[in-house]
Amino acid sequence: MRTTELASALAGVRALVLDADGVLLYAGRPLPGSVDALARLEGAGIPYRVVTNFSLAHRETLAANVSRQFGRPVRPSTIITAASAAAALTALHHPGEPLLVFASDDARREWDGQRLVTPAEADDPATKVAAVVIGDAGDELSFRNLDIAFRRLRAGAAFIAMHRNLWWMTRRGITLDAGAVVVGLEHALERRATVAGKPSPVVFREALRELGAEVRATGGRRLLARDVAMVGDDLDSDVAGAHRAGLRGLLVLTGKTDRAAVDATAAAGRLKGPARPDAVGADLREVVEALLEGRDAGR
Ligand SMILES: [Mg+2]
């Protein structure tokens with residue numbers, strides 16, 4: 001029965017957007033079958049992007065780490081992080097303009113080729129700042145630097161956030177995340193940031209743009225949002241985010257949402273609207289199998 005639900009939810013799907021944590025990996029280790037599922041997608045020529053709000057590292061660093069974990073090469077160009085999505089956003093809307101970007105040294109390389117100013121430079125009112133990007137920057141998110149950002153934002157700079165995640169799990173346990181700083185600035189400024197990462201449509205549009213270009217390059221017909229399915233483990237960040245951007249949204253049970261959580265959400269009447277998945281799969285392997293079977297049947 002579940003297989004039928006998966007098959008009909010995937011009918012006509014020509015590309016996938018995959019969440020990383022809870023779909024490909026769990027606690028930093030590959031989930032059973034996920035490496036093979038990626039290989040099967042590649043073998044079948046189905047393009048995909050891995051979309052994650054993890055934004056401490058450049059995509060090359062992430063790809064190298066994941067390649068080591070997976071024992072097979074993962075290309076940096078198949079990954080989109082909240083940082084790379086934010087960099088794509090500033091490249092699109094503020095080309096050549098000075099940007100104040102709070103990111104780790106590694107993730108800041110996503111802005112290579114764009115014009116960045118340091119907090120000290122931005123503190124000089126004579127320096128123009130077109131946009132401020134708040135991301136995971138560790139100790140660089142000091143009171144002094146945030147105050148500089150606040151002043152530039154009040155003066156009219158565009159306000160971009162990598163994500164609004166309030167906390168996350170690290171080796172130290174529950175750890176404050178950069179989204180908490182974003183929310184504080186939003187209150188002080190009385191305006192909302194444009195969020196680049198999930199569940200914002202920005203990151204899904206970026207994935208769609210890249211997948212569309214890949215399909216075009218291989219002579220395929222135009223890729224529409226509904227031709228793409230997101231596979232994630234989070235009903236809001238992944239499923240609702242994908243639906244709001246026009247993609248299909250599938251849930252797998254290998255991460256933060258298990259069958260009991262789905263049933264509890266449904267019983268509470270909250271499994272509705274954009275957070276209602278088009279289908280629920282046990283894991284990525286099952287989703288990819290259903291996709292490939294559907295494609296073969298449609299030939
Ligand atoms: Mg996840």
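Below, a biologist quizzes a modeller about a predicted model and how its labels were reached.

Biologist: Let's start with the metal. What makes Asp 19, Asp 21 and Asp 233 donors of the magnesium ion?

Modeller: Distance. A donor atom has to sit within 2.8 Å of the metal, and these three lie 2.0 to 2.3 Å from the magnesium ion, so they qualify. Asp 19 and Asp 233 each use OD, while Asp 21 uses O. Along the chain the donors follow the spacing D-x1-D-x211-D. Asp 21 is in the loop between strand S1 and strand S2, and Asp 233 is in the loop between strand S12 and helix H10, 212 residues apart.

Biologist: Why is Asp 21 called exposed, and why is Asp 233 called buried?

Modeller: Exposed means over 50% relative accessible area, and Asp 21 has 52%, so the label fits. Buried means under 20%, and Asp 233 is at 3%, so that one counts as buried.

Biologist: And His 58, why is that called buried?

Modeller: Its relative accessible area is 9%, and the limit is 20%, so His 58 is buried. His 58 lies in the loop between strand S4 and helix H3. Leaving aside neighbours within four places in sequence, His 58 is in contact with Asp 106, Ala 107, Arg 109 and Glu 110.

Biologist: On to salt bridges. How do you know that Glu 289 and Arg 40 form one?

Modeller: The cut-off is 4 Å between a side-chain nitrogen and a carboxyl oxygen, and this pair comes in at 3.7 Å, so it counts. Glu 289 lies in helix H12 and Arg 40 in helix H2, so the pair ties together parts that are 249 residues apart in sequence. The structure holds 20 salt bridges.

Biologist: Why are Glu 289 and Arg 40 called partly exposed?

Modeller: That label covers the range between under 20% and over 50%. Glu 289 has 32% and Arg 40 has 34%, so both land in it.

Biologist: What about Arg 164 and Glu 186, what makes that pair a salt bridge?

Modeller: Their closest N and O atoms are 2.2 Å apart, which is within 4 Å, so the pair passes. Arg 164 sits in the loop between S8 and strand S9, and Glu 186 is in helix H8, 22 residues apart. Arg 164 is partly exposed at 29%, whereas Glu 186 is buried at 6%.

Biologist: How do you know that Lys 198 and Asp 238 meet in a salt bridge?

Modeller: N to O is 2.9 Å, again within 4 Å, so yes. Lys 198 is in the loop between S11 and helix H9, with Asp 238 in helix H10, 40 residues apart. Both Lys 198 and Asp 238 are buried. They are also linked with Asp 19 in a network of salt bridges, and Asp 19 is one of the magnesium donors too.

Biologist: Last topic, the sheet. How do you know that S8 and S11 are paired?

Modeller: Pairing takes at least two bridges, and two join S8 to S11, so they count as partners. In S11, Thr 194 is the bridge partner of Ile 160.

Biologist: And why are S6 and S11 said to stand at the edges?

Modeller: The open sheet runs in the order S6-S7-S8-S11, with parallel pairing. S6 and S11 each have a single partner strand, so one side of each is left without a neighbour in the sheet. Helix H7 packs on the sheet, touching S6, S7 and S8, and helix H8 packs on it as well, touching S7 and S8.

Methods. Residues are numbered from 1 along each chain as its sequence is written. This is a predicted model: local features need pLDDT of at least 70, side-chain atom pairs count only at pLDDT 80 or more; totals for chains, interfaces and linings use all residues. Side-chain values use heavy atoms; hydrogens and water are left out. Helices (H or I, at least four residues) and strands (E, at least two) are DSSP runs, numbered from the N terminus. Contact means heavy atoms within 4.5 Å. Axes are lines fitted to C-alpha atoms, for helices over the stretch in contact, and angles run from 0 to 180 degrees between N-to-C directions. Donors are N, O and S atoms within 2.8 Å of the metal (3.2 Å for Na, K and Ca); water is not among the atoms, so sites may look incomplete. Buried means under 20% relative accessible area, exposed over 50%, partly exposed in between (1.4 Å probe, protein chains only).
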